[in-house]
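These exercises go with the sequence and structure shown below. Each task is followed by a solution in steps.

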Amino acid sequence: MPKILVSSRMFGTLPEPMSLLTAQGYVFAKNPWPGQTLREDQLLSLIEDVDGVLAGDDDFTAAVIEKARCLKVISKFGVGVD
């Protein structure tokens with residue numbers, strides 16, 4: 001089963017998309033910091049065995065990408081300009 005890390009502060013609060021992904025066989029990595037923008041050290045502790053990330057404005061550094069041995073996709077959730 002593909003494993004997804006939800007690091008977006010908003011995506012995990014939306015029940016319909018989470019239910020749709022679960023129904024398709026996806027499982028979710030435990031994120032002990034929901035509602036926070038994740039720092040490099042936090043991502044390093046979560047990223048190693050996930051297949052995909054639904055990201056917010058998290059700190060995806062070269063070290064994080066290197067540690068993500070199973071990662072296939074990072075999808076940025078959100079729009080707008082800051």
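A patch is made of residues with over 30% relative accessible area and no salt bridge, where nonpolar side chains are joined within 5 Å. The structure used here is a predicted model.

**Exercise 1. Find which residues make the nonpolar surface patch of about 250 Å², and check the accessibility of Phe77.**

Step 1. The patch is made by Met10, Leu14 and Phe77.
Step 2. Phe77 is located in the segment after β4, a strand that covers 73-76.
Step 3. A patch residue needs over 30% relative accessible area. Phe77 has 31% and counts as partly exposed.

**Exercise 2. Work out the order of the four strands in the open sheet, and say which strands stand at the edges.**

Step 1. The order is β2-β1-β3-β4, and the pairing is parallel.
Step 2. β2 (27-28) and β4 each have a single partner strand, so they stand at the edges, with one side lacking a neighbour in the sheet.
Step 3. Take the pairing of β1 (residues 3-6) with β2: two bridges join them in the parallel sense. Lys3 has Val27 as its bridge partner in β2, and Ile4 has Phe28.
Step 4. Next take β1 and β3 (residues 52-55), which run parallel and are joined by three bridges. Within this pairing, Leu54 of β3 stands opposite Val6.

**Exercise 3. Describe three of the five salt bridges, and state where the partners lie and how accessible they are.**

Step 1. Lys3 and Asp49 form a salt bridge whose closest N and O atoms are 2.9 Å apart. This pair links distant parts of the chain, since Lys3 is in strand β1 and Asp49 is in the loop between α2 and β3, 46 residues apart. Asp49 is partly exposed at 33%, and Lys3 is partly exposed at 24%.
Step 2. Arg69 and Glu48 meet through their side chains in a salt bridge of 3.5 Å, N to O. Arg69 belongs to the loop between α3 and β4 and Glu48 to the loop between α2 and β3, with their positions 21 residues apart in the chain. Arg69 is exposed, with 58% relative accessibility, whereas Glu48 is partly exposed at 37%.
Step 3. Lys72 and Asp51 form a salt bridge through their side chains at 2.9 Å, N to O. Lys72 is in the loop between α3 and β4 and Asp51 in the loop between α2 and β3, so the pair ties together parts 21 residues apart in sequence. Buried means under 20% relative accessible area, and exposed means over 50%. Lys72, at 66%, is therefore exposed, and Asp51, at 18%, is buried.

**Exercise 4. Is Gln42 buried or exposed, and which residues does Gln42 touch?**

Step 1. Gln42 is part of helix α2 (residues 40-46).
Step 2. Its relative accessibility is 4%, so Gln42 counts as buried.
Step 3. Leaving aside residues up to four places away in sequence, Gln42 touches Trp33, Gln36 and Thr37.
Step 4. A polar atom of the Gln42 side chain lies 2.8 Å from the backbone nitrogen of Arg39.

**Exercise 5. Locate Ala63 and list what Ala63 touches.**

Step 1. Ala63 is in helix α3 (residues 62-67) and is partly exposed, at 33% relative accessible area.
Step 2. Not counting residues up to four places away in sequence, Ala63 touches Glu40 and Leu44.
Step 3. From C-alpha to C-alpha, Ala63 and Leu43 are 9.6 Å apart, while in sequence they are 20 residues apart.

Note on methods
Residues numbered from 1 in each chain as written. Predicted model: local features only at pLDDT ≥ 70, side-chain atom pairs only at ≥ 80, totals over all residues. Heavy atoms only, no water. Patch = residues over 30% accessible without salt bridge, like charges linked within 9 Å, V, L, I, M, F, W, Y side chains within 5 Å. Areas by Shrake-Rupley, 256 points an atom, 1.4 Å probe, with all protein chains shown as cover. Salt bridge = Lys/Arg side-chain N within 4 Å of Asp/Glu carboxyl O. Buried < 20%, exposed > 50% of the residue type's maximum accessible area, 1.4 Å probe, protein only. Pairing = 2+ DSSP bridges. Contact = heavy atoms within 4.5 Å. Polar contact = N/O pair within 3.5 Å; in protein donor to acceptor, adjacent residues only side chain to side chain.
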